[in-house]
Amino acid sequence: MSRASGRRRHLLLLLQVISLLMLLPLPSAAGLNMCSRGRATSCRECLLIHPDCGWCAQEEFGRTGSISSRCDFRESLIKRGCNDQFIESPQSRFQIQRNRPLSSKGSGSSQSDVIQLMPQEIALNLRPDHQVTFRIQVRQVDDYPVDLYYLMDLSLSMKDDLDNIRVLGTTLSREMAKLTSNFRLGFGTFVDKPTSPFSYTGPKYQENPCVGYKLFPQCVPSFGFRHLLSLTEKSDKFNAEVQKQMVSRNRDAPEGGFDAILQAVVCKEKIGWRKEASHLLVFTTDDVPHIALDGKLGGLVQPNDGQCHLDELNEYGYSTQMDYPSLALLGEKLTENNINLIFAVTQSHYILYKNLTSLIPGTTVEILDKDSNNIIQLIVNAYSSIRSKVELTVREKPSDLALSLTAICQDGVPRPGARKCEGLKIGDTVSFDVSVEARSCPVGVSRDRFTIKPVGFKDSLGVTVGYICNCDCARAMQANSSRCSGNGTHECGVCKCDPGYLGARCECQDAEGSDVFQMSCREAKEKPVCSGRGECSCSQCICQESEFGRIYGTFCECDDFSCARHKGILCSGHGECHCGECKCHAGWVGDNCNCSTEMDTCLSDDGQICSGRGNCACGRCSCTEPGAFGDTCERCPTCPDACGTKRECIECRLFKSGRLDNQTCQRLCKDEILTVDALKTVDQDAVLCLYKTENDCVMRFTYSEHDSGKSVLTALKEPECARGADPVTVLMAVVGSILAVGIALLAIWKLIVTVHDRREFARFQNERSRARYEMATNPLYRHPITVHSVELLPTMHNKAYNGIVD
């Protein structure tokens, strides 16, 4: 194994250890002891520190001559001698006060018996910072009564829509009968505020705002909101009212629909909303709405009060006196009256109204055709969408409470922070876990109340909250108690001194607590009273108790826990802490007593201190030889004597030879020895060693130290020894050598002779060729007659002949 791979393994091991430490629980509250550190002087203060803190009201509690913290964890108080019956540690709790079971069907003789939410009433008693969780269930029952109020924009652009809904009542009642057996329908209209700049207010437009408009020359004067038909089961009345209506004309593009929505919501008696029914308000328009502050354009500065203002003619009488309502006011009133608002708007304004649904609880939006042809299907789809979801709202939550919801829908998976379940069928039951926590104790308030209800439901859960901020022992307080020297009130085991008196028993007068008298409680002028760890009572320091140990001294200047530590252990566990200084046990020295004076742990197996390769300090070896390591510096592959040391182990372990006897060999030679036929130095860090044996053989082995701290010797099975020469082989080698030398000499002689002969023959040939040249060029050797021959070409001969003839 290479050192690099070993380092990687060590790193992985370290990461695993760190991960395990991270998974371990943090120090408990008891370890931190935030209770006693809070320095509470009364039971009420103790309850506010932490939900797990308790107060000991027992009369005699703690050590004599010290200030015992009565505020602590229950287990600590019991260990310190407080009887359990005197411990004040109330816990938060809740009690279900009304829990009627959920209904399965909405139809019946008495609609007040239909229950869609349980429980209906619950009481909480909360201790600050202590959370209480309870569960509520909601169910959409089958065949639940429905009240639907149709609110229509009668501005001029909606004329074709008005023509198409003249028989809406009959058709809608027939379709809704498939969903509920108890359906009622109402009708109202709106245009805009009949004042400038929202409507035409000139004299010629008083009776007919469409004067001069060629396409529609006749229309009715504009109005804010007009309630025309209270909720009824007779659809023919709805049709009759629709057929009577005529459109109007306003001046700007936005409409005054929000005025109409608010009046239709809050005028419950005139509209006829039933308490035991599902309420639907269908709002149809083809333009954007006016919102709060738009009324200032017409001089309307009075904010909308959210009240019903229908006059004797069922028209909105404050249309020209108050501003348009805000989105927050609309949402509040819709939730308060359990009304689901359906925006039926044209495609061009769908995005705007879709954004409004996120601001107004319980609203949905559907796309309306330009002529309202799809209004029936739109209403049915919107109603089905409303019935397929459950969303909780919280009303009138006190500011001192923290509340969180967790939805548990049909899949059973908790969704923290969610307050809505969707995709439900009629009859499905969903649950919500509600966690409530009191942040503090409200001043002057003993009880609060808030409501949780599903949007659009009549059902609600009333939650009454009480605050646990006082202890039961406070009821038995005694003024001018003899336990307090008659100078204070005894409450929950302690004295609250009257003005002018001090001390645990109010036994000292205030003058004694002045700076002059408190100087006797200061170690020096600039030091705090009782070193900041006690109280000066009657010119003497009474030290506090501490969860870490004992505080003592004339000025509470000493303790037994503020000494130096080693690895988190006080005085390394080898000494005692006295007034900030470690008093070490025998055999240990140092500021934190972590240095041992013993040297036995530094002795190596061969009896040397740190194997002769280092120094012993505080019972541990500090290796000085380069490359040496180990508890006693016994490992050193690169040291000059490494091979010599390991040679003795090879000899005694493998061959039972050498200077070491068997006992010494077993004691010193503990390395693992591997035997192989041939050495292969795969490990680059391995040291190759060899030595000559008594038989003049060579023994080879390698020595390596693994990162795990394990030493490994890899040696040949047998030493490598040289063999003696064979006589025959020697004779043959000598004879062969002589023959080889003779043949080589003959070859050299032959080569020399051949070269010489060839050189002489070349000289002879040269002489001969020279003699032939002289005979050819000398005139004495030429013939006296020279013969010349001429040969004519055949064609030339013929031509010459023919010419002669001619």
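Start with the whole molecule and its surface: the accessible surface of the protein is about 45,000 Å², and carbon and sulfur atoms hold 53% of it. The model is predicted. Of its 806 residues, 41% count as buried. Colour by secondary structure next; the protein has 18 helices and 41 strands. Among contacts with a sequence separation of 6 or more, 61% are between residues 24 or more positions apart.

**The open sheet**

Select strands β5, β7, β21, β20, β15 and β18. These six strands form an open sheet in that order, with mixed pairing. Go to the two ends of the row. β5 (93–98) and β18 (420–421) are the edge strands; each has a single partner strand, so one side of each has no neighbour in the sheet. Now keep β7 and β21 on screen. Strand β7 (residues 121–126) runs parallel to strand β21 (residues 461–467), and the two pair over six bridges. To find a place within this pairing, pick Asn125, which stands opposite Gly466 in β21.

**Helix α7**

Select residues 168–176, which make up helix α7. Which residues of this helix are buried? They are Leu168, Gly169, Leu172, Ser173 and Met176. Look down the axis: these residues span an arc of only 120° around it, which places them on the same side of α7. To see what they pack against, add β9 (146–153), β10, α8 and α13 (375–387).

**Aromatic pairs**

Two of the elements just added, β10 and α8, also appear at the next stop. The model has ten aromatic pairs. Show Phe187 and Phe238 first. Their ring centres are 5.2 Å apart and their planes meet at 70°; planes over 60 degrees apart count as edge-to-face, so this pair is classed that way. Phe187 belongs to strand β10 (residues 183–190) and Phe238 to helix α8 (residues 235–244), so the pair links parts of the chain 51 residues apart. Both Phe187 and Phe238 are buried.

Move on to Phe198 and Tyr324. Here the ring centres lie 5.7 Å apart and the planes are at 90°, so this pair is edge-to-face. Phe198 is in the loop between β10 and β11 (225–232), while Tyr324 is in the loop between β12 (278–285) and α11 (327–336); 126 residues separate the two in sequence. Phe198 and Tyr324 are both buried.

Then select Phe190, Phe283, Phe343 and Tyr353 together, as they form one aromatic cluster.

**Charges over rings**

Show the side chains of Arg226 and Phe223. The charged end of Arg226 sits over the ring of Phe223, 3.9 Å from the ring centre. A second arrangement to display is Arg550 with Tyr552: Arg550 lies over the face of Tyr552, 4.1 Å from the centre of the ring.

**Cys639**

The last selection is Cys639, in the loop between β37 (620–623) and α15 (642–654). Is Cys639 buried or exposed? Its relative accessibility is 6%, so Cys639 counts as buried. What does Cys639 touch, leaving aside residues up to four places away in sequence? Arg613, Glu625 and Pro626 are its contacts. Finally, draw a C-alpha to C-alpha distance from Cys639 to Gly627: the two are 6.7 Å apart in space and twelve residues apart in sequence.

Notes: Residues are numbered from 1 along each chain as its sequence is written. This is a predicted model: local features need pLDDT of at least 70, side-chain atom pairs count only at pLDDT 80 or more; totals for chains, interfaces and linings use all residues. Side-chain values use heavy atoms; hydrogens and water are left out. Helices (H or I, at least four residues) and strands (E, at least two) are DSSP runs, numbered from the N terminus. Buried means under 20% relative accessible area, exposed over 50%, partly exposed in between (1.4 Å probe, protein chains only). Contact means heavy atoms within 4.5 Å. Rings of Phe, Tyr and Trp (its six-membered ring) pair if their centres lie within 6.5 Å; planes under 30 degrees apart count as stacked, over 60 as edge-to-face and the rest as tilted. A charge sits over a ring if NZ of Lys or CZ of Arg is within 6 Å of the ring centre and within 35 degrees of the ring normal. The arc is that of the directions from the helix axis to the C-beta atoms. Two strands pair if DSSP finds at least two bridges between them. Accessible areas come from the Shrake-Rupley method with a 1.4 Å probe; for residues, only the protein chains shown count as cover.
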